[in-house]
Every structure is written in structure tokens, then in C-alpha cells.
Amino acid sequence: MKILGICGSHREESNTNKLVKKVAEASGCTYELIYLGKLDIKPCSGCGACMMNEGQCSIRDDMDQVYEKLLLADGLIIGGPTYFFDLNGSTKDFIDRTMAIFYRGVGTPYNPDMPWLGDRPHAGKPAVLITTVAGSGHMRSIETLKYAMGDCTKMNIVAQLAEVVAMNDVDDMPEVLKRADEAGKKLGAALKA
Ligand SMILES: Cc1cc2nc3c(=O)[nH]c(=O)nc-3n(C[C@H](O)[C@H](O)[C@H](O)COP(=O)(O)O)c2cc1C
């Protein structure tokens with residue numbers, strides 16, 4: 001079972017990225033982490049080419065390799081920090097670009113009466129959602145992740161972490177680490193069920 005973990009903060013020693021890794025480790029499954037800060041992933045241009053071109057995005061950048069990894073993933077962990085009371089831009093840009101794989105002819109139709117909405121390669125597959133925040137705004141970030149990965153992508157959200165960390169390091173927050181461990185175990189259990 002292969003999990004893909006999306007680390008959406010660009011910050012060295014990022015709390016969000018640390019939690020993505022902790023959840024992956026606790027799952028007991030094989031995993032690969034993708035650090036968005038190390039990749040060139042441009043925003044979706046909204047051209048709609050993917051919808052008419054079997055899911056081929058018109059933009060050539062590092063998302064090319066990520067599409068292939070996404071299609072092979074049995075489960076996802078997606079984490080982004082909270083900026084200005086919502087999910088940070090890089091993580092949202094990444095999510096927007098995933099729309100292309102709805103048109104690869106893989107997975108179940110989103111709605112058979114509306115074929116232009118494409119298919120969902122990850123329908124029913126388990127996902128864990130993560131955000132961290134200094135003080136407040138985290139619940140909106142989690143809502144953004146839930147709409148994207150649950151309602152739109154049709155994944156099975158098995159756990160969500162919305163952690164208020166102030167200026168601390170999550171490595172010094174045992175309660176947060178415990179919740180990450182529990183989330184990882186839930187993900188592992190869902191994958192092995
Ligand atoms: C541009 C920017 C916007 C932020 N906006 C908020 C905010 O709206 N509310 C808040 O409590 N913290 C805010 N923060 C603090 C981050 O949410 C917090 O430091 C978070 O844990 C960073 O995650 P990371 O360690 O994974 O990079 C902001 C930080 C930055 C850099």
C-alpha cells in the first residue's frame with residue numbers, strides 16, 4: 001500500500017510538513033513525501049485543455065511527475081499551513097492542478113448525468129487532512145481541504161488535524177504528536193481493510 005504525503009509548507013522545519021511525515025510513519029505503510037516548496041508547480045491557468053485532452057494539462061512543470069505518483073497512490077495525506085485564515089496558496093495551487101486527473105478516464109464518474117465533471121480516480125480511497133496555525137483560522141483551512149478532497153475528489157476522509165501551535169515546534173507538543181499517531185494508524189487501518 002502506497003501513501004503519497006503532500007507537504008505544503010515551504011518553511012524549513014515546518015510544523016505542517018512534520019505532521020504529514022508523522023502520520024505517514026504511523027500508518028505502517030510505504031510512503032513517499034512530496035515537498036511543494038522544492039517543486040515548480042504553477043497555478044492552474046483555467047484553460048480547460050485537460051477536460052478536452054484526456055487529462056493532459058497544458059502546463060509543463062513538475063506537476064507532470066506528480067500526476068503519475070497521484071494516480072498510483074492508494075491513500076493521501078495532504079497538509080498545508082493556514083495563511084490569512086485559509087489554506088496557503090501553494091497547497092491550494094497544487095489542489096487546483098489535480099483537476100486534470102479527473103479527465104484521464106480512470107475511476108468512477110462524479111455524476112453520470114454530468115459527464116463534463118469527469119471521473120474520480122481516488123473515490124473512496126482514504127485521506128488525512130492537516131493544517132497548522134499560530135492562533136486562529138485553521139477551521140476554514142480544514143473546510144477548504146474537506147471540500148476539495150472529500151466533496152470534489154470523493155476521498156474517504158479518515159482523520160483531520162487542525163493544530164494550533166502558537167510559536168512552538170510540534171516535536172515539543174506530545175498531545176499533537178499523539179493525534180498525528182492516531183491519524184496515521186487510522187489511515188493504515190483503512191488501507192489494510
Ligand atoms: C503569510 C502568513 C499568514 C499567516 N496567517 C495566519 C492566520 O491567519 N492566523 C494565524 O493564527 N496564523 C497565521 N500565520 C502563522 C502560521 O499559520 C503558522 O506559523 C503555521 O504553523 C505555519 O506552518 P508551518 O510551520 O508548517 O510553515 C501566518 C503565517 C504566514 C507566513
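Modeller: A word on classes first. Ala, Val, Leu, Ile, Met, Phe, Trp, Tyr, Cys and Pro count as nonpolar, Asp, Glu, Lys and Arg as charged, and the others, Gly among them, as polar. Keep in mind that this is a predicted model.

Biologist: What makes up the shell around the ligand, by class?

Modeller: Seven residues are nonpolar, 10 are polar and one is charged. There are 18 residues around the ligand, and Ser9, Ser14, Thr16, Pro81 and Ala134 come nearest. Set two of these against the classes: Pro81 is one of the nearest, and Pro is on the nonpolar list, so Pro81 counts as nonpolar. Ser14 is also among the nearest. Ser is on neither the nonpolar nor the charged list, so Ser14 counts as polar.

Biologist: Which elements give two or more residues to that shell?

Modeller: α1, β4 (82-83) and β8 do. α1 gives the most, with three residues.

Biologist: Why is threonine 82 called buried or exposed?

Modeller: Count its neighbours. Threonine 82 has 25 C-beta neighbours inside 10 Å. The cut-off for buried is 20 or more, so threonine 82 is buried. The residue sits in strand β4.

Biologist: What does threonine 82 touch, leaving aside its neighbours within four places in sequence?

Modeller: Its contacts are Leu87, Thr131, Thr132, Val133, Gly137, His138 and Ser141. Leucine 72 is another matter: 10 residues separate it from threonine 82 in sequence, and 28 Å in space, C-alpha to C-alpha.

Biologist: How do you know whether glycine 8 is buried or exposed?

Modeller: By the same kind of count. Glycine 8 has 28 C-beta neighbours inside 10 Å. Buried needs 20 or more, so glycine 8 is buried. Its place is the loop between β1 and α1.

Biologist: How far apart are glycine 8 and isoleucine 78 in space?

Modeller: They are 7.5 Å apart, C-alpha to C-alpha, with their places 70 residues apart in sequence. Beyond four places in sequence, glycine 8 touches nine residues' worth of neighbours that include Thr16, Gly80, Pro81 and Phe94.

Biologist: And glycine 55: what puts it in the buried or the exposed class?

Modeller: Glycine 55 has 21 C-beta neighbours inside 10 Å. With the cut-off at 20 or more, glycine 55 is therefore buried. The loop between α2 (49-52) and α3 holds it. Glycine 55 touches Cys50, Ala100, Ile101, Phe102, Tyr103 and Arg104, not counting residues up to four places away in sequence.

Biologist: What is notable about the phi of glutamate 13?

Modeller: Glutamate 13 has a positive phi of about 60°, yet is not a glycine. Most residues other than glycine have a negative phi. Phenylalanine 84 also has a positive phi, near 50°.

Biologist: Why are these two residues called buried or exposed?

Modeller: The cut-off for exposed is 12 or fewer. Glutamate 13 has 10 other C-beta atoms within 10 Å, so it is exposed. Phenylalanine 84 has 9 neighbours inside 10 Å, so phenylalanine 84 is exposed as well. Glutamate 13 belongs to the loop between β1 and α1, and phenylalanine 84 to the loop between β4 and β5 (86-87).

Biologist: How does the reach of α6 compare with what is expected at 1.5 Å a residue?

Modeller: α6 runs over residues 174-192, 19 in number. The expected span is 1.5 Å times one less than the number of residues. That gives 27 Å, and α6 reaches 27 Å from its first C-alpha to its last, so the two are close.

Biologist: Which residues of α6 are buried?

Modeller: Val176, Ala180, Ala183, Gly184, Leu187, Gly188 and Ala190. They cover an arc of only 160° around the axis, so they lie on the same side of α6. Pro174, Glu175, Lys178 and Lys192 are exposed on the other side.

Biologist: What do the buried residues of α6 pack against?

Modeller: β1 (2-7), α1 (15-27), β3 (75-79), β8 (126-133) and β9 (156-164).

Biologist: How many residues are in the largest nonpolar core?

Modeller: The core has 44 residues, and Ile6, Leu76 and Val128 are among those with the most contacts inside it. α6 supplies the largest share, five residues. In soluble globular proteins, nonpolar side chains tend to be buried together.

Terms used
Residues are numbered from 1 along each chain as its sequence is written. This is a predicted model: local features need pLDDT of at least 70, side-chain atom pairs count only at pLDDT 80 or more; totals for chains, interfaces and linings use all residues. Helices (H or I, at least four residues) and strands (E, at least two) are DSSP runs, numbered from the N terminus. The arc is that of the directions from the helix axis to the C-beta atoms. Two residues are in contact if their C-beta atoms, placed from the backbone, lie within 7 Å. A residue is near a molecule or strand if its C-beta atom, placed from the backbone, lies within 6 Å of it. A nonpolar core is a set of buried Ala, Val, Leu, Ile, Met, Phe, Trp, Tyr and Cys residues joined through C-beta atoms within 7 Å.
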